Amino acid sequence: TQHRIAVIPGDGIGREVVPAGLEALEATASRFGLGLEFDTFDFASAEYWQRHGTMLPSDWEETLRGYDAIYFGAVGWPEVVPDHVSLWGSLLQFRRTFDQYVNLRPCRLLPGVRGPLAGREPGDIDFIVVRENTEGEYSSIGGRIFEGTERETVLQETVMTRVGVDRVLRFAYEQAARRPKNHLTSATKSNGISITMPYWDERVAAMQGQFPGVRVDKFHIDALVANFVLHPDWFDVVVASNLFGDILSDLGPACTGTLGLAPSANINPERDHPSLFEPVHGSAPDIAGRGIANPVGQIWCGSMMLDHLGHPEAAAHLLGAIEDVLAYGPTEAPLTPDLQGKGTTAELGQAIADRVRTR
Ligand code: NAI
Ligand code: MG
């Protein structure tokens, strides 16, 4: 075995799309002679919470630390456990404890997919959003004073550290350096937010000399969101603070079609801890149990995981298989209803795994 993977299906459609993802990963592994070993865990789910009153066992950290990566479905079942409990009790623990300080989301219009932006072809939209995942605007420093009086005041601080800013910028620069367009865009708002954002800009500029091949530009966040919609072809790698990155990393994939297609990765680039790969979507209680969830986001996450584990060719092959099957269209391939097809999760997963074997 080369890599041990912890599999956490979670709730709802997470349990339906994860098996499809594993099938595609297994097909890719055998095609490329990779030894992947999967262990599946039932925690981080509403069912586990019902049985144990917690989302995770007390030894979860030791358990997961032994793995090279975590392949995650979705967590959340609001009928049984409040969303803030399920999220803070599981996924956010993983991200923080394992210092997954990069949240990476590819935004790519795939062939055969009708995105919401009229007239866009695959190739017009092909960029990645790199979000800072541990500090910035999402700090817990602040509070309320004079509560209930006319002087009532609330305050919440943004925290940027040199280490925290530089490490996510370095990751983004390195991505830009290895992609064909060698272009990095930084999200800022240094006109209005006059202390932290100029610091962010300064660190972007300070690192530029180390990556002479990378073209760098910056946009204020308000202009940037407009340009995601108006000119998605302008972007290659987009790096942003926690809050701006949160917004961009939902908007970006939304410009490329259904939620069911979008993957994401929570990465610890130093590999001191396992990284976590999960689709952007949640547990989708409205369609769970019917076998019609789109497995592509989950399968694409598997491709990102292979890339992270050091197998770029296998990763590209798997993504190519996804693209081929989507390009066949809903009459030739068992595409799921969100892609105007009549296929099931299992059928689409099978078709992609088959394509991995034959392409
Ligand atoms: P959601 O992403 O589960 O669903 C939003 C809409 O998109 C629904 O109409 C759903 O049917 C559709 N959809 C989502 N994934 C799809 C797929 N693969 N194929 C076809 N259609 C798909 O978001 P929602 O409804 O706001 O949240 C449901 C639960 O999931 C909540 O408990 C929430 O906290 C949790 N959640 C978990 C996330 C995670 O595990 N990272 C992320 C987002 C939500
Ligand atoms: Mg979000």
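The shell around ligand 1 has 12 nonpolar, seven polar and four charged residues. That shell counts 23 residues, and the closest include G76, G260, H281, G282 and N294. Keep in mind that this is a predicted model.

Now step back to the whole chain. The domain assignment splits the chain into domain 1, made of 1–101 and 259–359, and domain 2, which covers 126–255. Domain 1 is thus written as two stretches of the chain. Taken over C-alpha atoms, the centres of domain 1 and domain 2 are 27 Å apart. The two domains do touch. Nine residues of domain 1 are in contact with seven residues of domain 2. On the domain 1 side of this contact, four residues are nonpolar, two are polar and three are charged.

Next comes the sheet. Strands of a sheet pair through backbone hydrogen bonds, and they do so either parallel or antiparallel. Here 10 strands form an open sheet with mixed pairing. Read across it, the order is β2-β1-β3-β12-β11-β4-β5-β10-β8-β9. Which strands are at the edges? They are β2 (36–40) and β9 (215–220), and each of them pairs on one side only. From one strand to the next, the twist averages 20°.

Start at the β9 edge. Strand β8, residues 183–188, pairs with β9 in the parallel sense, over six bridges. One spot to find is T188, which stands opposite H220 in β9. Helix α6, residues 162–178, packs on the sheet. The strands α6 touches are β4 (102–108), β5 (126–132), β8 and β10 (237–240). The direction of α6 makes about 165° with that of β5.

Move inward to β10. This strand pairs with β8 in the parallel sense over three bridges. In that pairing, T185 has V238 of β10 as its bridge partner. Strand β10 also pairs with β5, again in the parallel sense, over four bridges. There, R131 stands opposite A240 in β10. Are the faces of β10 covered or open? Both are covered. V237 and V239 lie on one side, V238 and A240 on the other, and all are buried.

Look at V237 in more detail. V237 sits in strand β10. Why is V237 called buried? A residue counts as buried if 20 or more other C-beta atoms lie within 10 Å of its own. V237 is buried because it has 26 other C-beta atoms within 10 Å. Some of its contacts come from other parts of the chain. Leaving out residues up to four places away in sequence, V237 touches F127, I128, V130, A172, Q175, A176, R179, H183, L184 and T185. Take A176 as one case. V237 and A176 are 61 residues apart in sequence, but their C-alpha atoms are 5.9 Å apart in space.

Now go to the other part of the sheet. Strand β3, residues 69–74, is mostly covered, with six of its six residues buried. Strand β1, residues 3–10, is joined to β3 by five bridges, and the two run parallel. G10 has A74 in β3 as its bridge partner. Strand β3 also pairs with β12, residues 275–279, in the parallel sense over three bridges. In this pair, A69 stands opposite S275 in β12.

Follow the chain past β12. The loop between β12 and α10 (296–308) holds G291. Is G291 buried or partly exposed? It is partly exposed, because 14 other C-beta atoms lie within 10 Å. G291 and I13 are 278 residues apart along the chain, yet 8.1 Å separates their C-alpha atoms. Leaving out residues up to four places away in sequence, G291 touches E16, T344, T345 and A346.

That list leads to T345, which lies in helix α12, residues 345–358. T345 counts as buried because it has 24 C-beta neighbours inside 10 Å. What does T345 touch? Residues up to four places away in sequence aside, its contacts are E16, V17, A20, G291, I292, A293, P295 and T336. T345 and V296 are 49 residues apart along the chain, and their C-alpha atoms are separated by 9.0 Å.

Note on methods
Residues are numbered from 1 along each chain as its sequence is written. Chains are lettered from A and ligands numbered from 1 in the order in which they are written. This is a predicted model: local features need pLDDT of at least 70, side-chain atom pairs count only at pLDDT 80 or more; totals for chains, interfaces and linings use all residues. A residue is near a molecule or strand if its C-beta atom, placed from the backbone, lies within 6 Å of it. Ala, Val, Leu, Ile, Met, Phe, Trp, Tyr, Cys and Pro count as nonpolar, Asp, Glu, Lys and Arg as charged, and the others, Gly among them, as polar. Domain bounds come from an automatic or database domain assignment. Two strands pair if DSSP finds at least two bridges between them. Axes are lines fitted to C-alpha atoms, for helices over the stretch in contact, and angles run from 0 to 180 degrees between N-to-C directions. A residue is buried if 20 or more other C-beta atoms lie within 10 Å of its own, exposed if 12 or fewer, and partly exposed in between; C-beta atoms are placed from the backbone.
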